[in-house]
Amino acid sequence: MTLVSGIHHVTAIAADPQENLDFYTGVLGMRLVKRSVNQDDPGTYHLFYADADGHPGTDLTFFPWAHLPPGRKGIGLTVEVALAVPPDTLGFWSDRLAGFDVAIEEPEERFGERALRLTDPHGLELALVETADEREFTVWEESPVEPAAQIRGLDSVRLWERDLALSADFLTGVLGFERRESEDGWQRYELGDGGSGRRLEIRELPGERRGTWGRGSVHHVAWRVADEEAQLTARRAVAEAGRRPTKVIDRFWFKSVYFLEPGGVLFELATDGPGFTADEAAEELGGRLILPPWLEPKRDEIEAALPAL
Ligand code: ZN
């Protein structure tokens, strides 16, 4: 038994929210499953892109903080988010992305799978990785991307760290990851039987300076816990390891606990439920601004301050 079962979501920092929406829905073909605000900064949107049903493990979310300078890539940060795509679709994706003038690299081989690196409009480094691994995924019928090529969810994340052993001991000794092979300087760790959505990779860069958050940075990586009981168990273990987790915070669609792993990357423990249909019908997901109950009394004020999308 591992304390976490895979990637739940990844949250990153964008600039203009309309450009962010256009790229993730219009170009990558993901579904906007929740249009909300940053609960700690309600003047900023929080936009969630996922598969049609918003399954845990498919969700990439953004805080559009257009006033921030670009992030500085460095240690203690997640430096790339890999998204799973079906086998033999990278040709489709290369053509599609080139058609939208998206910066892409030549396809590369990673741990036996083909990957295409690209950068989103605000500097976030992404990779599309071909995988046949089973995933919880529902086709988004209104996507501009054909069902056979649609993004299946989050595949992996890549972290830069000053001291691999510090993070590795925590990942394997506390969270339950297993060390797997390494390639091109990247050490892979996996949960359970491994596979797409249950892995991360770390590159040790002792001489590198510390990264800072900004536009195009990953803010945090959330790991799946089945329910509130599993979350408390994981939280206790994280606390015993000296990582000083936050209290459980109700994010309405899931419950969250945050902590810094030993290398300084912000992690979250997020429950699988109740999910994005807690406050919207499945067919209406993402259609209107959703506020947590304590912000509803200020809806007019909040909506007036947000840019129209
Ligand atoms: Zn989160």
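This passage walks through a run of strands, the aromatic pairs and two charge-over-ring contacts in a predicted model.

The strands come first. Strand β14 covers residues 249-250 and strand β15 covers residues 255-260, and two bridges pair them in the antiparallel sense. One of the residues involved is I249, whose bridge partner in β15 is S256. Four residues sit between the two strands of this hairpin, and F252 takes a positive phi there, near 80°.

From β15 the chain goes on to another hairpin, this time with strand β16 and with five residues between the strands. Strand β16 spans residues 266-271, and five bridges join it to β15, again with the strands antiparallel. L260 has L266 in β16 as its bridge partner. In the turn, G264 has a positive phi of about 100°.

Now for the rings. Searching the whole structure turns up 15 aromatic pairs. Among them is the pair of Y24 and Y49, with ring centres 5.4 Å apart and 25° between the planes. That pair counts as stacked because its planes are under 30 degrees apart. Y24 belongs to helix α1 (residues 17-27) and Y49 to strand β3 (residues 41-50), so this stacked pair ties together parts that are 25 residues apart in sequence. Both ends of the contact are out of reach of the probe: Y24 is buried at a relative accessible area of 0%, and Y49 also counts as buried, at 0%.

W253 and F276 make a pair of another kind, with ring centres 6.1 Å apart and planes at 40°, so this one is tilted. W253 sits in the loop between β14 and β15, while F276 is in the loop between β16 and α5 (299-305); the two are 23 residues apart, and their pair links distant parts of the chain. Both W253 and F276 are buried. These two rings also belong to one aromatic cluster, together with F48, F252 and F254. F252 is thus a member of that cluster as well as the residue with positive phi in the hairpin of β14 and β15.

Finally, two arginines sit over aromatic rings. R158 lies over the face of W186, 4.3 Å from the ring centre. R188 does much the same with F111: its charged end sits over the ring, at 4.0 Å from the centre.

How values were computed
Residues are numbered from 1 along each chain as its sequence is written. This is a predicted model: local features need pLDDT of at least 70, side-chain atom pairs count only at pLDDT 80 or more; totals for chains, interfaces and linings use all residues. Side-chain values use heavy atoms; hydrogens and water are left out. Two strands pair if DSSP finds at least two bridges between them. Rings of Phe, Tyr and Trp (its six-membered ring) pair if their centres lie within 6.5 Å; planes under 30 degrees apart count as stacked, over 60 as edge-to-face and the rest as tilted. Buried means under 20% relative accessible area, exposed over 50%, partly exposed in between (1.4 Å probe, protein chains only). A charge sits over a ring if NZ of Lys or CZ of Arg is within 6 Å of the ring centre and within 35 degrees of the ring normal.
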